[in-house]
Amino acid sequence: MFKIFKSQSGVTLMELLVYLGISSMVMLGSTLFLVQTTKIRLSSDNQKLTQHSSRLALEKMTLSLRNAYDVVVSADGTRATIYSYNFNDPGRPIVSVYCGRDGQLWYGQSFVIPPDDGALSPVIEAGVKVSTVQFNKVSASLHVRLNTVKNDRESSIESTIAFRQK
Amino acid sequence: MRIKDNQGSLLIEVMVSVALLVVFAVAIGSFAAANNRVIASAKMESLAAAFAKESMEQAFAIKEQSWPSIGSVLPGNYIIGQSGNSYVLQSDAGMPPGEKIEGAFTRIVSISKAFRDGSGNLAASGAEDPAVRRIVVTVTWQDHGLTKKVQLASYVTNWKGQ
């Protein structure tokens with residue numbers, strides 16, 4: 001048999017202890033780093049999700065306001081009713097409703113009269129909570145403040161969306 | 001207990017190790033600092049773009065409510081304020097001009113006349129079109145000693161929805 005290892009004397013107890021100590025420290029450092037980066041990634045994902053949800057909601061409102069000729073905002077500012085031209089049937093205006101309640105932003109659309117609250121559907125995806133919805137009509141524009149929360153992260157978006165006025 | 005070699009490291013070996021460690025630490029630190037700067041700059045630019053867009057939307061909302069509110073004002077710099085349920089243009093006589101936002105940004109809303117050339121196209125000079133005004137919103141901020149800006153330019157007209 002060939003002689004593969006030059007020394008067969010093994011390692012001393014001290015060498016083994018030093019090796020174990022150093023490798024433990026490296027392992028501990030690596031694990032802490034992994035845990036921390038995972039926490040940051042999850043937190044960042046939550047932040048991105050809240051921002052993404054808010055942007056999608058604002059995009060939807062912008063589309064609803066594109067051909068609006070009037071907007072009525074409730075006294076507490078949590079509900080906006082948008083009246084838009086119906087180019088297919090001018091006698092039947094399109095009425096869209098955005099309403100913030102129960103930690104969600106609700107949306108519905110109908111003709112001539114606003115849709116019932118029971119017919120509204122959620123705009124923000126499940127898991128993301130809507131903490132604040134505040135509408136304010138200023139000149140021919142709708143000012144929107146939308147805060148969304150997921151776990152430890154919150155996103156706050158304000159936007160002014162102009163619309164056509166009759 | 002038996003340790004075969006008790007000679008330890010030479011001073012030069014320690015110095016080389018320390019030097020290498022310092023070089024790596026500086027490289028990683030510089031990378032992290034540069035990364036943070038890029039993220040901070042991107043955030044400021046996003047905010048500036050949002051502030052510029054906000055003014056443009058407000059200007060559009062003013063003209064949709066009442067064309068003379070924009071069409072009849074003298075060319076110059078303005079600040080868009082709110083009076084009751086309406087946005088209003090307030091003359092910006094500040095030196096230097098501009099509205100300070102969040103202590104970091106300066107926003108200037110500039111309104112000027114619009115001109116059409118012989119073919120009826122909007123141009124830098126020609127015959128004035130009284131039904132059109134040019135709006136330029138400029139948002140500036142300081143970023144590590146440099147002045148950065150976001151500028152949006154658009155025309156508003158006395159035509160509904162345009």
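## Terms and model

Two strands are said to pair if DSSP finds at least two bridges between them, while helices (H or I, at least four residues) and strands (E, at least two) are DSSP runs numbered from the N terminus. This is a predicted model, in which local features need pLDDT of at least 70 and side-chain atom pairs count only at pLDDT 80 or more, whereas totals for chains, interfaces and linings use all residues. Residues are numbered from 1 along each chain as its sequence is written, and chains are lettered from A and ligands numbered from 1 in the order in which they are written.

## A hairpin in chain A

Strand 1 (residues 68-73) and strand 2 (residues 79-84) of chain A pair in the antiparallel sense over 5 bridges, with Val71(A) standing opposite Ile82(A) of strand 2. The hairpin that these strands of chain A make has 5 residues between the strands, and there Gly77(A) takes a positive phi near 75°.

## An open sheet and its helices

In chain A, 3 strands form an open antiparallel sheet in the order 6-7-8. Strand 6 (129-138) and strand 8 (153-162) of chain A each have a single partner strand and stand at the edges, so one side of each is left without a neighbour in the sheet. From one strand to the next, the twist averages 10° (angles run from 0 to 180 degrees between N-to-C directions, along axes fitted to C-alpha atoms, for helices over the stretch in contact).

Helix 1 (residues 13-65) of chain A packs on the sheet, touching strand 7 and strand 8 of chain A, where contact means that the C-beta atoms of two residues, placed from the backbone, lie within 7 Å. Helix 1 (residues 11-65) of chain B also packs on the sheet, touching strand 6, strand 7 and strand 8 of chain A, and its direction makes about 35° with that of strand 8 of chain A.
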